[in-house]
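Please look at the sequence and the structure shown below, and keep both in view while reading. The paragraphs that follow lead from a single contact to the chain as a whole.

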Amino acid sequence: MGIHGLSKLIADEAPSAVVNNEIKNYFGRKVAIDASMSLYQFLIAVRSEGAQLTDADGEPTSHLMGTFYRTIRLVENGIKPVYVFDGKPPELKSGELAKRTEKREEAQKELAKATEAGDQEMIDKFNRRLVKVTKKHSDECKELLRLMGIPYVEAPCEAEAQCAALVKSGKVYAAATEDMDALTFGSNVLLRHMTFSEARKMPIQEFHLDRVLSGLELNLDEFIDLCILLGCDYCETIRGIGPKRAIDLIRKHHSIEAVLKNIDNEKYSTPEDWNYAGARRLFHEPEVANAEELELKWTEPDEEGLVKFLCGDKNFAEDRVRNGAKKLLKARGTTTQGRLDSFFKISTTPNAAKRKSEDSKTPNNKKSKTGNKSFRGKPK
């Protein structure tokens, strides 16, 4: 789900934080991709077109086809992808998962009604709502990526948090996901629409966290509290407080605790046993693998292994698989060229919370409008 309404709020309040880009502009970049989100997109997209791709046993293969061809396209554009798979969901997410289960059960009932009525449009609608990425889907894609020579990471918990950790460590340039909470987890750069931008003729949206904070006039702590008020996967929200009201309250009071002391509790109903503090801790200290210890290796594709894995029972055409493997091998040679900015030292944005603390010491708590530059221009 991510964060409710955050992308629109940023577009309204901090438009300079978002840049529209073409895929070719990421030549030479390493990008961490939210694998589950990507697989879900492929499964949904094929169902939307009215025909699911299946293997000899009738099991879907659209997740494999989508991953295979889209990854080749990324590599051909000089991008070095690393896929990040979800681990176990955090305990705080149990409420959200229960809601999703209820929605799936409701969709299953509606599907039965639509099937009985012979309403194809509604059948397709509720079929899409029942799409779920399974362990089998993930395991098959891990094997596919291994054969393609593309690295992947198995996150201990949330993939978006692990992607953010890879970005913060400097292992990759950006996190590619549709879930805006990658920013809440601290990713310096978020890319939306990367895995399907060309197919849908959409630009890739690039969000920069430092510009988001500057444009919203918040520090990181305040931004996290704003995201909790907007609505996240880990706790409920205060009924009656929408995006505009939420940001006004955080700008004025700076924390959820102070907001709660200054709002009309009869007008704005706070959830019982509201665990916003637990959600805040999760965003600040998510369970992730130590990015510094992760070794990401892009290797040559195993053409014969790909043919054995994808052809036969999975119904992939051998000539297309071999052609894809050759494209990967050819493209791999081009990515050895470096970007111009790789010759300069990249400095991460100073902790926004620290800036906020320093700002508070200035007369009248006046904030500086000057943003921090991403590059020092200092040769290595």
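The side chains of E222 and H254 are joined by a polar contact of 2.9 Å. A polar contact is a pair of N or O atoms within 3.5 Å; within protein, one of them must be able to donate a hydrogen and the other to accept it, and residues adjacent in sequence count only if both atoms are side-chain atoms. This is a predicted model, in which local features need pLDDT of at least 70 and side-chain atom pairs count only at pLDDT 80 or more, while totals for chains, interfaces and linings use all residues. Residues are numbered from 1 along each chain as its sequence is written, and side-chain values use heavy atoms, with hydrogens and water left out.

E222 belongs to helix α10 (residues 220-230). Helices (H or I, at least four residues) and strands (E, at least two) are DSSP runs, numbered from the N terminus. E222 has a relative accessible area of 3% and is therefore buried; buried means under 20% relative accessible area, exposed over 50%, and partly exposed in between, with a 1.4 Å probe and protein chains only. The other partner, H254, comes just after helix α11 and takes a positive phi of about 75°.

Which residues of helix α11 are buried? In this helix, which spans residues 243-253, they are A246, I247, L249, I250 and H253. These residues lie on the same side of α11, because they cover an arc of only 160° around the axis; the arc is that of the directions from the helix axis to the C-beta atoms. An α-helix has 3.6 residues a turn, so residues three or four places apart point the same way. The cover over the buried residues of α11 includes α1 (6-13), α9, α10 and α12 (256-262). R245 is also in helix α11, but with 36% relative accessibility it counts as partly exposed.

One of the helices in that cover, α9 (residues 209-216), also leads to the sheet: it lies across β1 and β7 (204-208), running at about 65° to β7. Axes are lines fitted to C-alpha atoms, for helices over the stretch in contact (heavy atoms within 4.5 Å), and angles run from 0 to 180 degrees between N-to-C directions.

The open sheet is formed by seven strands in the order β1-β7-β6-β5-β2-β3-β4, with mixed pairing. Two strands pair if DSSP finds at least two bridges between them. At the edges are β1 (18-21) and β4 (152-154), each of which pairs on one side only. From one strand to the next, the twist averages 25°.

Strand β7 pairs with β1 in the antiparallel sense over four bridges, and N21 stands opposite I204 in β7. Four bridges also join β7 to strand β6 (residues 189-192), again antiparallel; here L190 has F207 as its bridge partner. Because four of its five residues are buried, β7 is largely enclosed by the rest of the structure.

Towards the other edge, strand β3 (residues 80-85) runs parallel to β4, joined by three bridges, and Y83 has Y152 as its bridge partner. Helix α3 (residues 62-76) lies across β2 (30-34) and β3, at about 140° to β3.

The chain as a whole contains 16 helices and nine strands. Of its 380 residues, 46% are buried.
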